[in-house]
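Subject: Structure for your review

Dear colleague,

Please find the structure below, together with its sequence. I would be grateful if you would read the notes that follow with the structure open.

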Amino acid sequence: MSEPAHRHVLPADMISVEEARARILAHFAPLEAVPAPLLETLGQVLAEDVRGGFDIPPLANTSMDGYAVRAADTTGAALASPRRLRVTGYLAAGSVYDGSVGPGEAVRIMTGAPLPDGADAIVPFEETDEEEQSTRWEDDPRPDVRIDVAAAPGANVRPAGEDVRAGELVLPAGTILGPGQIGVLASLGLEQVTVIRRPRVAVLSTGDELLRPGEPLRPGAIYDSNGFSLASMVRELGAEPLVLDIAGDSVEALTARVREGVADADLLVTSAGVSRGDFDVVKEVLAREGEVGFWTVRMRPGKPLAFGTFSAGEGERVVPHLGLPGNPVSAMMTFELFGRPAVFTMLGKPQAWERPRVRAVAGERIARPDERRFYARAIVERRDGRYHARLTGPQGSGVLTSFALANGIAVVPEDAPAVEPGDEVEVLLIDRVTEPES
């Protein structure tokens, strides 16, 4: 941590969201590079430059089905005065023509096939009498073809190396791999590439009252939603969630789960047990097993927060720990603001965690319940060229549907008055914004 952690100590003053995030991110850096199968690298970051090993395409080839010709043989061709060329062969994609195109000759050719020697242009089928034929070429090859349009040299020909030149830098280290980039790497014949590996994030829910979905509901118990929402957020970011069994409120149970989590993970995320009113056993175990500080952050929902580190393994590997509040909305909001940047930093894309920010017209009053920064869950639409935001309903930290319905988070700063209907408010976009049909 940026400053020494104090066990069992609750700071007297609340810290800002920015200060909490800075303290947390000081403990994170991109993870090591690993080779990975190409199809499994979506969203990962290249760890080294990739250069072309050969020209793509390796040979000049046709971009259309048609006839490979010498452009000079088509000079003056028009519907009123077509040219006729002798067809000397047929060439499919993946084959090379054995011979050359001489004066007055043409080769029937399919898209992607290499340009035969002697030819310098492709006349597409649409500019010949191809579509007037009543039989398939394979069943009734024709000795000649009518050319209705003159072709310029290079017409419909992809030159060798048009896409990639041998030796040139194709994708630099630091590139985030999307479908297009993965397609380019496949075109280079690469079965695997070296990328920053995906973080493993252990997710631990604590509390005697928690049940796994599917278990019979008993009086006084609730189903664990935090484990599922947080693990889903982890997966959405491109990391690997490791969902641990629920830890009961005992020293033995919690200690076992914490040790299990840090043994395999790059980050341990727990929910519940970090506020003043929570059982001391949680704070005791976290502080005893690692170096953990308990903070109060100037935000709502999500004021209580814990952060620290654990040592794991023979090499004293350091595993950061992010302790989130137990209320479902508070857990998701604090992971959004602190866990998301940490995971993206480990993935090697430290700037990618920033959400798009827009100014939206408030459709109703949004008031801060106290002096903390208020993060209100909102539904954002775009109408008449402007963004509009309205709350998803009740904003309590236990109302999980307020997050499920939201595509934006309206932010009311600490020092700002209430947002009145018609005022503009800053909104973080967490999902797609639709524009209603008129």
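The notes below describe one helix and its packing, and then several individual residues.

This is a predicted model, in which local features need pLDDT of at least 70 and side-chain atom pairs count only at pLDDT 80 or more, while totals for chains, interfaces and linings use all residues. Residues are numbered from 1 along each chain as its sequence is written, and side-chain values use heavy atoms, with hydrogens and water left out.

Helix 6

Helices (H or I, at least four residues) and strands (E, at least two) are DSSP runs numbered from the N terminus. Helix 6 covers residues 328-346, and its 19 residues reach 25 Å from the first C-alpha to the last, close to the 27 Å expected at 1.5 Å a residue; the expected span is 1.5 Å times one less than the number of residues. At Glu-336, helix 6 bends by about 45°, which is the angle between axes fitted to the seven residues ending there and the seven starting there. Of the 19 residues in helix 6, 19 are buried (buried means under 20% relative accessible area, exposed over 50%, partly exposed in between, with a 1.4 Å probe and protein chains only). Just after helix 6, Gly-348 has a positive phi of about 90°.

Packing against helix 3

Helix 3 (residues 226-236) packs on helix 6 at an angle of about 20°, with the axes 10 Å apart. Axes are lines fitted to C-alpha atoms, for helices over the stretch in contact, and angles run from 0 to 180 degrees between N-to-C directions. The two helices are therefore roughly parallel (angles under 35 degrees count as such, over 145 as roughly antiparallel, 65 to 115 as roughly perpendicular and the rest as oblique). Among the residues making this contact are Leu-230 and Met-233 of helix 3 and Met-332 and Phe-335 of helix 6; contact means heavy atoms within 4.5 Å.

Individual residues

Pro-124 is found in strand 7 (residues 121-124) and is buried, at 5% relative accessibility. Leaving aside residues up to four places away in sequence, Pro-124 touches Met-64, Asp-65, Gly-66 and Asn-156. Asn-156 is partly exposed, with a relative accessible area of 25%, and has a positive phi of about 60° although it is not a glycine. Finally, a cis peptide bond joins Ile-56 and Pro-57, with omega about -5°, and the bond from Arg-300 to Pro-301 is also cis, with omega near 0°.

Yours sincerely
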